[in-house]
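Student: I'd like a close look at one part of this model: whatever disulfide bonding there is, and what sits around it. Please tie it to the sheets and the packing rather than just listing atoms.

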Amino acid sequence: MARQELYDRNHEPPSSLLRRALLKGAVAAGLTSSLADALRGADSIAAGPQAGDVFVFFSGDHAGQVIKPTDLIVGASPVMAWPKEPVTDIVRDESRLSLVLLVRLEAACLDEVTALRAAEGLVAYSATCTHAQCPVTGWNDEKKAFSCPCHQSEYDPSQNAKVLSGPAPRALPALPVKIENNVLVAAGAFIGRPGARST
Ligand code: FES
């Protein structure tokens, strides 16, 4: 096996490896093309968070662990997360457009629209900047605003992630959330298209 191919396989996301194994198994077993197509269609699972998904830490000591509401406290910096389908345990990590920003704010500070999509002050948004698709990894603690390190766009999570400054052309798409059995869960998909394209 060529060195580059070996490298690529060793760095393939676990969910991708699972799908590859399932697909190979289907072909080896001579299963119908419709089943093979269905397994290939598993890629659509990675398209973005869906209703019922839980969230796992993107990085840090707890990377891959399910995020509980108590992991997020008012006043703390946002947490970047992948959505995870809870039945199959497939982490939707195929595309950076699936990355989610979670932060807990004072519930009383949320505007009306944001409050409808929040759970106990917890709000969620796409983590991909709408300007040039950098991950929005920064946090302006004074303004309580998300901050993109690439060209300094800032977004207000208490007001539906509207753009406060910088070249970003539109708000970060919101993700409605709820709390079930002490776990933070997506209550739908992104409202709007994540990334630089609006349609
Ligand atoms: S990519 Fe975020 S401000 Fe340009």
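Tutor: Let's fix one term before we zoom in: a residue is called buried under 20% relative accessible area and exposed over 50%, with partly exposed in between. Keep in mind, too, that this is a predicted model.

Now to the bond itself. Searching the whole structure turns up 1 disulfide. The partners are Cys 134 and Cys 150, with their sulfur atoms 1.9 Å apart. The torsion about the S-S bond is -90°, which makes the link of Cys 134 and Cys 150 left-handed. As for where the ends sit, Cys 134 is in the loop between strand 4 and strand 5, while Cys 150 is in the loop between strand 6 and strand 7. That puts the two 16 residues apart, and the pair is a link between distant parts of the chain.

How covered are the two ends, then? Cys 134 has a relative accessible area of 15%, so it counts as buried. Cys 150 comes out at 35%, and because that falls between the 20% and 50% cut-offs, this residue is partly exposed. There's another cysteine to look at: Cys 148 is buried, at just 2% relative accessibility. Close to the bond in the model you also have Val 136, whose C-alpha atom is separated by 8.5 Å from that of Cys 150, although the two are 14 residues apart along the chain.

Stay in the loop between strand 6 and strand 7 for a moment, since Gln 152 lies there as well. Its phi is near 65°, a positive value in a residue other than glycine. Most residues other than glycine have a negative phi. Elsewhere, Asp 89 does something along those lines, with a positive phi of about 65° although it isn't a glycine. Asp 89 belongs to the loop between strand 2 and strand 3, and at 48% relative accessible area it is partly exposed.

Next, the strands that flank the Cys 150 loop. Strand 6 (residues 145-147) pairs with strand 7 (residues 154-156) in the antiparallel sense, over 2 bridges. Within that pairing, Phe 146 is opposite Tyr 155 of strand 7. Zooming out, 4 strands make an open antiparallel sheet in the order 5-6-7-8. Its edges are strand 5 (138-140) and strand 8 (162-165), each of which pairs on one side only. From one strand to the next, the twist averages 35°.

On the Cys 134 side, strand 4 leads us to another sheet. Here 4 strands form an open sheet in the order 1-2-3-4, and again the pairing is antiparallel. Strand 1 (54-57) and strand 4 are the edge strands, pairing on one side only, and the twist in this sheet averages 45° between successive strands. Strand 3 and strand 4 run antiparallel, joined by 5 bridges. Leu 101 has Tyr 125 of strand 4 as its bridge partner, and Arg 104 stands opposite Leu 122, also in strand 4. Edge strand or not, strand 4 is mostly covered: 5 of its 5 residues are buried.

The packing picks up names from both sheets. The largest nonpolar core has 24 residues, and Leu 101, Val 123, Tyr 125, Val 136, Phe 146, Tyr 155 and Leu 172 have the most contacts inside it. Strand 2 (79-84), strand 3 (100-104) and strand 4 (122-126) are the elements that give two or more residues to this core. Notice that the bridge partners Leu 101 and Tyr 125 are both on that contact list, as are Phe 146 and Tyr 155. A second, separate core has 16 residues, including Val 100 and Leu 122.

Finally, how far should you trust all this? The average pLDDT for the protein is 83, with 76% of residues scoring at least 70. The stretch to treat with care is residues 1-46, where pLDDT is below 50; that stretch has 31 contacts in the model beyond near neighbours in sequence.

Key:
Residues numbered from 1 in each chain as written. Predicted model: local features only at pLDDT ≥ 70, side-chain atom pairs only at ≥ 80, totals over all residues. Heavy atoms only, no water. Core = buried A, V, L, I, M, F, W, Y, C linked by side-chain atoms within 4.5 Å. Buried < 20%, exposed > 50% of the residue type's maximum accessible area, 1.4 Å probe, protein only. pLDDT = per-residue confidence, 0-100. Contact = heavy atoms within 4.5 Å. Pairing = 2+ DSSP bridges. Axes fitted to C-alpha atoms, helices over the stretch in contact; angles between N-to-C directions. Disulfide = S-S within 2.5 Å.
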